[in-house]
Amino acid sequence: MNWLRRWERVEAPVGAPAPPVAGSARVERQTRGISTLLAGVSRERMHSVLDLGGATNSSLQVYRGFARWVRFEDLLSVADSEEELDAALASIPHHRERPYDVLLAWNLLDRVAPHQRPRVVARLAEVSAPDARLFLAIEAGSERPQHPLRFGLVDNEHMWFEPVEGFPPAWPPLLPAELERLIEPFVVSRAFTTRVGFREYVATKRG
């Protein structure tokens, strides 16, 4: 990822992301969840972003508009392995002087086993600021996609997603009430149902 080295204060773990499914098309669409998440960010470029969906050039360009520190951690690529997931969670640095205040977990909670989900949330709570904002995309349809999805940003109001190689988990979808209990100390402030089979949630960490 040579393009990452051109920007100061950008961190990305070693490892290649899962390849897109052959013949699949990347989909771009408007996202009310992302626009809500970013509506209140300061343009003084003092924010610290943690993106758990993996490094993408398009997302980095969006983050550079308001963030001084960006870390990409592709937890989606290791969600099927309990050992690798635990190691990846532990590797996320806890910067006490600049905790993460914008977090994007995308569809991660759909991908990990139910008993692993509290560990993910606990680690996010440990490394984030008291008033941190969290974005989640949770599958809402009765039919699970044939392949897991990878997400990224186009701009402050549009996202893209594409299917990637791998096997989606067989876990039942997270219901809204279940999700709200799971993500404490983050509290859902806005939720949106999309036409493409998932719900978007924006949550704020209770101080």
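**Close-up views of salt bridges and a loop residue**

D86 has a relative accessibility of 31% and therefore counts as partly exposed. The model shown in every view is predicted.

**View 1. R119 and D86 form a salt bridge between two helices.** The closest N and O atoms of R119 and D86 are 3.0 Å apart. This pair links distant parts of the chain, with R119 in helix α5 and D86 in helix α3, 33 residues apart. The relative accessibility of R119 is 32%, a value that lies between the limits of 20% and 50%, so R119 is classed as partly exposed.

**View 2. E82 and R119 are joined by a salt bridge.** Here the separation of the closest N and O atoms is 2.9 Å. Distant parts of the chain are again linked: E82 belongs to helix α3 (residues 82-91) and R119 to helix α5 (residues 117-127), with the two positions 37 residues apart in numbering. E82 has a relative accessible area of 34%, and is therefore partly exposed by the limits of 20% and 50%. R119 thus takes part in a salt bridge with E82 and in another with D86. Side chains of opposite charge can pair when their charged atoms come close.

**View 3. E73 and R71 form a salt bridge.** In this pair the closest N and O atoms lie 2.8 Å apart. Are the two residues buried or exposed? Both E73 and R71 are buried.

**View 4. R26, R150 and E162 belong to a network of salt bridges.** The view is centred on these three residues, which the network links together. For the model as a whole, the count of salt bridges comes to 7.

**View 5. T194 lies in the loop between strands β9 and β10.** Strand β9 spans residues 186-193, and strand β10 spans residues 198-205. T194 has a relative accessibility of 15%; this value is under 20%, so T194 counts as buried. A polar atom of the T194 side chain is found 2.7 Å from the backbone oxygen of F198. Which residues does T194 contact when its neighbours within four places in sequence are left aside? With those neighbours excluded, T194 is in contact with R29 and E200.

Terms used
Residues numbered from 1 in each chain as written. Predicted model: local features only at pLDDT ≥ 70, side-chain atom pairs only at ≥ 80, totals over all residues. Heavy atoms only, no water. Salt bridge = Lys/Arg side-chain N within 4 Å of Asp/Glu carboxyl O. Buried < 20%, exposed > 50% of the residue type's maximum accessible area, 1.4 Å probe, protein only. Helix = DSSP H or I, 4+ residues; strand = E, 2+ residues; numbered from the N terminus. Polar contact = N/O pair within 3.5 Å; in protein donor to acceptor, adjacent residues only side chain to side chain. Contact = heavy atoms within 4.5 Å.
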